[in-house]
Amino acid sequence: MNAAKKSADKTVNTRAAKTGKAGKHPSAKQQTKQQAKQAAKQLAKQQPKPASTRRHSGEWSTEQSLDLYGFERWGNDYFSVSKDGNVTARTLNAQVELIDIVNGMLERDMQMPVLLRIENILDAQIKRLNMAFREAIASHGYRADYRGVYPIKVNQQSQVVEEIAAFGARYKHGFEVGSKPEIVVALSTLEEPGSLIICNGYKDKEFIELGLSAIKLGFTCVFVVETPSEIPSIIECSRRTGIEPIIGVRVKTTASVGGHWNSTSGDRSVFGLTTSQLVELVDLLKAENMLHCLQLLHCHLGSQIPDIKDIRSGITEVCRYYADLVAEGAALKYIDLGGGLAVDYTGWGSTFGQSRNYSLNEYCDDIVDTLKTTFDSYGIEHPTIVTESGRATIAYSSILIFNVVDTTTFEPGHLPAANKEEHSLISSMRDIYANLNESHVQECYNDAHYYRNEARELFRRGQLNLRTRSVCENLFLDLLQKITLITKEMERVPSDLEGLDISLADIYYGNFSLFQSLPDSWAIDQLFPIAPIHRLNEKPTRKAVIADITCDSDGKIDEFVGDEGEVARVLPLHELRENEEYYLGVFLVGAYQETLGDLHNLFGDTNVVSVRIKSEGGYDFVKEIQGDSIADVLSYVEYYPKEMQERHRNTAERAVREGRITARERQQIIKLFTDSLNGYTYFEKED
Ligand SMILES: *Cc1c(COP(=O)(O)O)cnc(C)c1O
């Protein structure tokens, strides 16, 4: 890896992620919560509580885990649980247990955390998308084709882009590019002549020349005009090179759509031409005798559009533009509907921002149906349908897997038996127990708080020693645990006591960095499904939130996909067992997470492993990419590991000179330093 180049990437990405937090999304957080509440209410009305979520029996089956973590609700048929209680990844004819892959990695001395990519899933998603459009086209008697393009920005990793080119070749699946680096990627990766390359973003002359050269090579490369000022450059380059351009135009739809990313549509969208700019463009092209080059109409309603109604109304509006441009004499052939096909991260099938109320087939059906009906009524020839699905294409195929390195519980520690000499505060707290029942629960809670605070105050003033305070704190926790048990059985819980179990939830420390691997979880409170990848034949007896190992108070996950449209505040997990690793998977992380990640606390890229599941069973490691070493991440922030080593050696030599260490000790100390520089940035187990 080229460190210098990567360092530039990282700097930019850090900034992007930060602005994301500060500028773009502040209201998103509130909106999510509100939406979640509404969705919860709606769903609670509609759905009876499934029997299997009433978990009282000591027995536990893998079916209960399947339901508890919702694999089949959000997994798009790609994830399930085996009889042995392990999560499986599967496609039509092949499946593998994720824990097998983890074990295979450990045998190869690759450490957690790992970003696992499953090629078959990406392959299957590309196939599903293309086939779903083909079927909708056939069933509606639509008289043109579908052509998909993958927007490179959604996951630019070379291996991912190469896989998409390979799996998409049979459908002539193309690329959407938004910059010069991205068109360079498209040109060096696509092979199938006739594949589309859709060029969005501001284009300088070099960008335009690259696009024209793509046409020469046999690709259908379209310049989507973002502003009329791009036109003179396009005309000039085309005259100079003698290559006729294919021009597209991006329009602003006025209908605003729901979800997080709705600012890409509506009046204030920064992208797309206004109606007067559109008229100006048509006149300009007419005057240059180039109106026949205007072949594509583009719109992008936004990403992750949860409500199918918004998609339908957006498209209806785009059709109007299309029809009038045809009437103006433009030789339109393609209608490009951008991205927006949502992923149901929660599995709720609702209009909640991180869900969707439609299936892939409904999406395709609605688009084809709307286009056919509208264009038939105008008597316009059916255009080729283009979509730029990024998220839905790539999200499913990546899983972040990490081990849990430690837990904190809020269980009381040792509680000594009552004795006559104990502090009066301790005996007062013991007295609370006598009263502890449903009718006195609030009073007991208040008393417990009172005495606990008293203990803290006396400690501050030096009137209570550490041991006594510790007993008081333990009694307090014990009381709270018992109060929680009581409130669970109550019909109406006093509002003070609501969520008490959440404040007593365990903290599980995961070996990963939220900032590096799940930036959207931090920046915009994106929910990703999270579940243990093994032990699913055991009842999860703990409730926990997850903290990463960055020691940053923001580095935690305390919102989870719950059932019944609920954003859960705790995740049921298993108790850790001694000398045994516990692995969690964060699912559907293929889209947008990898390049937005930053180097918070200098945790670097994780190891990445790509596997192909074999139909005869088992899997192949297709590719392993080692995560960043400590030296790698230090060089991204302009340290020079060689120099650091030299200086460290000098410090060690001085210690020898001055008699603090021996020459042999110096050698060991230097070796430790050098090995660390070459090592992984994450928590490593000693062998
Ligand atoms: C980001 C983007 C996409 C991808 O959208 P998804 O919702 O991820 O499919 C498509 N087109 C354009 C123009 C984009 O900016």
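Visitor: Let me get the term straight: buried means under 20% relative accessible area, exposed over 50% and partly exposed in between, with a 1.4 Å probe and protein chains only as cover. So how many residues of strand E8 are buried?

Guide: First, a caution: this is a predicted model, where local features need pLDDT of at least 70, side-chain atom pairs count only at pLDDT 80 or more, and totals for chains, interfaces and linings use all residues. Residues are numbered from 1 along each chain as its sequence is written, and side-chain values use heavy atoms, with hydrogens and water left out. As for E8 (residues 220-225), 6 of its 6 residues are buried, so the strand is largely enclosed by the rest of the structure. Strands (E, at least two residues) and helices (H or I, at least four) are DSSP runs, numbered from the N terminus.

Visitor: Which residues sit on each side of E8?

Guide: Thr220, Val222 and Val224 are on one side, with Cys221, Phe223 and Val225 on the other, and all of them are buried. In a regular strand the side chains alternate between the two faces of the sheet.

Visitor: And which strands does E8 pair with?

Guide: E7 (residues 196-199) runs parallel to E8 and is joined to it by 4 bridges; Leu196 is opposite Thr220. Another 4 bridges link E8 to E9, again in parallel, with Val225 facing Val249. Pairing here needs at least two DSSP bridges between the strands.

Visitor: What about the helices in between?

Guide: Helix H9 (residues 205-216) makes a right-handed β-α-β unit with E7 and E8. Helix H10 (residues 230-241) does so with E8 and E9. Right-handed means that, with the strands pointing away from the viewer, the path from the first strand over the helix to the second runs clockwise.

Visitor: Where does E9 lead?

Guide: E9 (residues 246-250) pairs in parallel with E10 through 4 bridges, and Ile247 stands opposite Leu294. In E10 (residues 294-298), 5 of 5 residues are buried. E10 also pairs with E11 (residues 334-336), in the parallel sense over 3 bridges, where Leu297 has Ile335 as its bridge partner. Helix H12 (residues 308-327) carries the chain from E10 to E11 in a right-handed crossover.

Visitor: Switching to the ligand: which residues come nearest?

Guide: Lys153, Ser303, Glu388, Gly390 and Tyr592, out of the 15 residues around the ligand. A residue is near if one of its heavy atoms lies within 4 Å.

Visitor: What polar contacts are there?

Guide: A polar contact is a pair of N or O atoms within 3.5 Å; within protein, one must be able to donate a hydrogen and the other to accept it, and residues adjacent in sequence count only if both atoms are side-chain atoms. A ligand nitrogen is 2.5 Å from a side-chain N or O atom of Glu388. Ligand oxygens come in too: one is 2.6 Å from a side-chain N or O atom of Ser303, and one is 2.7 Å from a polar backbone atom of Gly390.

Visitor: Any odd backbone spots?

Guide: Most residues other than glycine have a negative phi, and most peptide bonds are trans. Met112 and Pro113 are joined by a cis peptide bond, with omega about -5°. Asp109 has a positive phi near 65°; its place is the loop between H5 and E4, which also holds Pro113.

Visitor: Is Asp109 buried or exposed?

Guide: Asp109 counts as exposed because its relative accessibility is 60%.
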